[in-house]
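Colleague: Please give me a close look at the charged side chains of this model and at how they pair. I would like each term explained with its cut-offs where you use it.

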Amino acid sequence: MDRNEIKKLEAYLQRKFELENLKVKARPRKNDSAEVFIDEEFIGVIYRDDEDGELSWSFQMAILEMDLED
């Protein structure tokens, strides 16, 4: 993913989740995905899929049991 694509995804996610502190950052040595953060906390990965001439992205977020505990 290039810088422009990452910025568009970041703006979309910020609007969708109403979180200005959500950031999308390039992954080192990976060009098919980017990391998603809220403040400095890593929350997931966005994967780019351009198979069959259609471009889309999927967001994957793992939730650990310990994250649900207060």
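Modeller: A residue is called buried under 20% relative accessible area, exposed over 50%, and partly exposed in between, using a 1.4 Å probe and protein chains only. The model is predicted, so local features need pLDDT of at least 70 and side-chain atom pairs count only at pLDDT 80 or more, while totals for chains, interfaces and linings use all residues. Numbering runs from 1 along each chain as its sequence is written, and side-chain values use heavy atoms, with hydrogens and water left out.

For the charged pairs, a salt bridge is a side-chain nitrogen of Lys or Arg within 4 Å of a carboxyl oxygen of Asp or Glu, and the count by this rule is four. I would begin with the bridge between arginine 48 and glutamate 5, in which the closest N and O atoms are 2.7 Å apart. This pair connects distant parts of the chain, since arginine 48 belongs to strand β3 (residues 41–49) and glutamate 5 to helix α1 (residues 3–17), with 43 residues separating the two. Helices (H or I, at least four residues) and strands (E, at least two) are DSSP runs, numbered from the N terminus.

The two partners are covered to unlike degrees: glutamate 5, at 12% relative accessibility, counts as buried, whereas arginine 48, at 30%, counts as partly exposed. Arginine 48 also has another acidic partner, for its side chain meets that of aspartate 50 in a salt bridge with an N to O distance of 3.0 Å. Aspartate 50 is partly exposed, because its relative accessibility is 49%. Taken together, Glu5, Arg48 and Asp50 are linked in a network of salt bridges, and within this network arginine 48 is bridged to glutamate 5 as well as to aspartate 50.

What else does glutamate 5 touch, once its neighbours within four places in sequence are left aside? With contact taken as heavy atoms within 4.5 Å, glutamate 5 is in contact with Arg48 and Trp57. For this residue, then, the picture is of a buried acidic side chain in helix α1, with a relative accessible area of 12%, that is bridged to arginine 48 and is also in contact with Trp57.

A further bridge lies outside that network and joins the side chains of glutamate 40 and lysine 25, with an N to O distance of 4.0 Å. Glutamate 40 sits in the loop between β2 (33–38) and β3, and lysine 25 sits in strand β1 (residues 22–26), so the bridge ties together parts that are 15 residues apart in sequence. Here glutamate 40 is exposed, because its relative accessibility reaches 67%, while lysine 25, at 33%, is partly exposed.

A few uncharged residues may help you to place these values. Phenylalanine 37 is buried, with a relative accessible area of 11%, whereas phenylalanine 42, at 44%, is partly exposed. Asparagine 31, in the loop between β1 and β2, is exposed because its relative accessible area is 62%, and its C-alpha atom is separated by 16 Å from that of glutamine 60, a residue 29 places away along the chain. Leucine 68 belongs to helix α2 (residues 65–68) and is likewise exposed, having a relative accessible area of 63%.
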